Amino acid sequence: MPIRPENRKRYPNNWPEISASIRFDRAGRRCECTGQCGRGTHPGRCPNTHGGLAYGTGSQVILTVAHLDHTPENVDPTNLLAMCQGCHLHYDRDHHAETRAKTRAAALAESGQLNIFGAIG
Ligand SMILES: [Zn+2]
Ligand SMILES: [Zn+2]
């Protein structure tokens, strides 16, 4: 995922270096996903390499770095995984849905609608 503006300040200043060292030094320019994305389309480690063509779609692979716990501040190498955009988007998808649901629930609670629904239900 591109870094969202509201999250940008949560990344350390040296994030570009950290990200590059994970993607290029540790991962050797290859997606490190071994199934964490959950899309189940690559047995074992994902074959996509940075700048190459993605299997399945044939679009150019851009390697990104995923935070396994979805916390930008946590840049411990064990929390970071180089991922192609296909794996990364899939990995984040459930998390985003959950975040949206929580945000929606919080907004409803704030406006009192949850109480109304609670009274009906
Ligand atoms: Zn991948
Ligand atoms: Zn994957």
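**Salt bridges, a buried asparagine and a zinc site**

Let me start with E73, which is partly exposed at a relative accessible area of 43%. Before going on: this is a predicted model.

E73 has a partner, R10, and the two form a salt bridge whose closest N and O atoms are 3.0 Å apart. This pair links distant parts of the chain, with the two positions 63 residues apart. R10 sits in the loop between α1 (5–8) and α2 (15–26), while E73 sits in the loop between β1 (64–67) and β2 (80–83). R10 also counts as partly exposed, because its relative accessibility is 32%, and the range for that class runs from 20% to 50%.

How many salt bridges does a search of the whole structure find? It finds 2. Besides R10 with E73, there is R26 with E32, where the closest N and O atoms are 2.7 Å apart. Here R26 is partly exposed, with a relative accessible area of 39%, whereas E32 is buried at 13%.

Next, N48. This residue lies in the loop between α2 and β1. Is N48 buried or exposed? It counts as buried, since its relative accessibility is 4% and the cut-off is 20%. As for its surroundings, leaving aside neighbours within four places in sequence, N48 is in contact with R29, R30, C31, R39, L53, A54, Y55, V61 and C84.

Now the metal. Which residues coordinate the zinc ion (ligand 2)? The donors are C33 through SG, C37 through SG, H42 through NE2 and C87 through SG, at 2.1 to 2.3 Å. Why call the arrangement tetrahedral? The 4 donor atoms subtend angles of 102 to 114 degrees, so they fall inside the window of 85 to 135 degrees used for that label.

Along the chain, the donors of this zinc ion (ligand 2) follow the spacing C-x3-C-x4-H-x44-C. The last step, from H42 to C87, links distant parts of the chain, 45 residues apart. H42 belongs to the loop between α2 and β1, and C87 to helix α3 (residues 85–111). The loop between α2 and β1 is also where N48 lies.

Both of these donors are buried: H42 has a relative accessible area of 8%, and C87 has one of 0%.

One last item on C87. Besides coordinating the zinc ion (ligand 2), C87 bridges that ion and the zinc ion (ligand 1). The two zinc ions lie 4.2 Å apart.

Conventions:
Residues numbered from 1 in each chain as written. Chains lettered and ligands numbered in written order. Predicted model: local features only at pLDDT ≥ 70, side-chain atom pairs only at ≥ 80, totals over all residues. Heavy atoms only, no water. Salt bridge = Lys/Arg side-chain N within 4 Å of Asp/Glu carboxyl O. Helix = DSSP H or I, 4+ residues; strand = E, 2+ residues; numbered from the N terminus. Buried < 20%, exposed > 50% of the residue type's maximum accessible area, 1.4 Å probe, protein only. Contact = heavy atoms within 4.5 Å. Donors = N, O, S within 2.8 Å, 3.2 Å for Na, K, Ca; no water. Tetrahedral: all angles 85-135°; square planar, octahedral: opposite > 155°, others 65-115°.
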